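Welcome, and please open the structure in your viewer. We will go from stop to stop, with something to select at each one.

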Amino acid sequence: MRKILSFIFIILFFNLSYANEKIVDYKPVFLPVISDKQTKIAIRSYLSNSKKYFVLVNPNSFQTALIPQDQVELPNNETEKQNLLKKLSNTPYIKALDKYTKPPYVQQNYGATHSMYEVKGQFLTIDMCPSSKNFEEEFFNKLIELSVKLNKPIPVAICVSGLWINKHPEEFLWLIKQQVKGHLQITWVNHSFNHPYFKDKPLEKNFLLSNKENFENEVLEAGKVLVSHNIAPSPFFRFPGLISDRTLIEKLKDLGFIPLGSNAWLAKGEKIQDGSFILIHGNSNEKAGINLIMPILSKLKLLPLERAFLLPN
């Protein structure tokens with residue numbers, strides 16, 4: 001098995017390092033399709049090497065995949081499309097999308113801040129905003145050590161900005177290598193492309209509120225970077241600074257994304273509870289959170305982010 005995984009990684013590493021695919025016409029859609037005899041939702045369409053693809057979301061599991069369009073069955077007409085969407089209205093994905101994009105709209109920490117249902121465990125979200133520093137190597141290595149000790153992958157949600165990926169390609173590839181090796185179970189969360197921030201601006205004119213007209217481009221360009229590396233983005237989005245407003249939330253819903261907040265931003269002194277979305281920064285820009293989580297990392301019961309929105313078995 002290890003030899004097989006090593007071989008897979010060599011192929012993947014080659015693709016990522018030297019042959020990133022040219023992605024063209026990456027745009028939002030919201031289209032029910034049949035794939036593998038299941039109804040799924042295409043949230044993006046694009047061209048790669050002149051071949052048409054969809055980013056598909058399984059509405060029952062939140063799992064995503066990059067699938068050629070000629071391998072799925074499209075609705076025959078608008079009536080069939082609407083009927084399929086109606087049948088999906090009670091699926092976990094649609095329920096979460098509706099729940100976390102409705103009023104009241106608050107400027108700070110809007111969206112899902114903890115699990116939708118009671119769980120015994122927590123969800124570790126790691127923000128990778130643009131940074132000139134190397135990532136938190138000791139922290140990530142401790143995750144790998146924990147995986148080896150427990151003999152299972154450690155589930156994490158990495159909220160990644162496109163600019164961080166572009167500025168830290170070796171670290172990005174290292175993370176993917178750990179995923180391929182089975183050390184990390186990564187949910188890739190869109191964290192915008194540029195992640196704008198201005199020290200001298202108030203919140204209502206800061207982060208993505210500083211240029212609301214460019215919001216869709218910020219979201220799509222970050223997703224495009226992931227897709228160019230053959231990674232299917234999850235249907236989740238974390239606002240930079242956890243700052244948003246009604247306009248951006250409504251646009252985010254149109255893009256098929258569920259906003260993620262946090263009720264356990266460690267550097268702000270928030271306490272971890274069962275169901276918490278723990279927030280730390282893995283880009284070395286916020287040491288306080290890393291210092292707090294390192295001693296307790298092995299004591300946490302970390303769960304895949306998708307579990308937060310699924311009814312317990």
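Start by selecting Arg-44, which is buried (under 20% relative accessible area, with over 50% called exposed and partly exposed in between, using a 1.4 Å probe and protein chains only). Arg-44 has no salt bridge (a side-chain nitrogen of Lys or Arg within 4 Å of a carboxyl oxygen of Asp or Glu). The nearest side chain of opposite charge is that of Glu-216, 8.4 Å away; here Lys and Arg count as positive and Asp and Glu as negative, while His and the chain ends are not counted.

Before moving on, note that this is a predicted model, in which local features need pLDDT of at least 70, side-chain atom pairs count only at pLDDT 80 or more, and totals for chains, interfaces and linings use all residues. Residues are numbered from 1 along each chain as its sequence is written, and side-chain values use heavy atoms, with hydrogens and water left out.

**Around Arg-44**

Which backbone oxygen does the side chain of Arg-44 reach? Select Leu-255: its backbone oxygen is 2.8 Å from that side chain. Arg-44 itself belongs to strand 2, residues 38-48 (helices are DSSP runs of H or I with at least four residues, strands are runs of E with at least two, and both are numbered from the N terminus). Now show what Arg-44 touches, leaving out residues up to four places away in sequence: among them are Tyr-26, Pro-28, Phe-54, Val-219 and Phe-257. Contact means heavy atoms within 4.5 Å.

**Helix 3 and its cover**

Next, select residues 92-99, which form helix 3. Pro-92, Tyr-93, Ile-94, Ala-96 and Leu-97 are buried there. To see what covers these buried residues, colour strand 1 (23-35), strand 2, strand 3 (51-57), helix 8 (246-254) and strand 9 (258-259), which are included in the cover.

Stay on this helix and add Asp-98 and Lys-253, whose side chains meet in a salt bridge at 3.2 Å, N to O. Asp-98 lies in helix 3 and Lys-253 in helix 8, so the pair ties together parts that are 155 residues apart in sequence. Asp-98 counts as partly exposed at 34% relative accessibility, and Lys-253 counts as partly exposed at 32%.

**Just past the helix**

Move to Tyr-100, in the loop between helix 3 and strand 5. Is Tyr-100 buried or exposed? With a relative accessible area of 9%, Tyr-100 is buried. Try a distance from Tyr-100 to Leu-260: they are 160 residues apart in sequence, and their C-alpha atoms are 8.6 Å apart in space. Beyond its neighbours within four places in sequence, the contacts of Tyr-100 include Tyr-110, His-114, Met-116, Ile-258 and Phe-309.

**Two further salt bridges**

Select Asp-127 and Arg-238, where the side chains meet at 2.9 Å, N to O, in a salt bridge. This pair links distant parts of the chain, with Asp-127 in strand 5 (residues 123-128) and Arg-238 in the loop between strand 8 (236-237) and helix 8, 111 residues apart. Both residues, Asp-127 and Arg-238, are buried.

Then select Asp-25 and Lys-27, whose side chains form a salt bridge at 3.6 Å, N to O. Asp-25 is partly exposed at 44% relative accessibility, and Lys-27 is partly exposed at 36%. The structure holds eight salt bridges.

**Zoom out**

Finally, show the whole chain, with its nine helices and 11 strands. Buried residues make up 51% of its 313 residues. Its C-alpha trace spans about 55 × 50 × 40 Å along the principal axes.

Key: A polar contact is a pair of N or O atoms within 3.5 Å; within protein, one must be able to donate a hydrogen and the other to accept it, and residues adjacent in sequence count only if both atoms are side-chain atoms.
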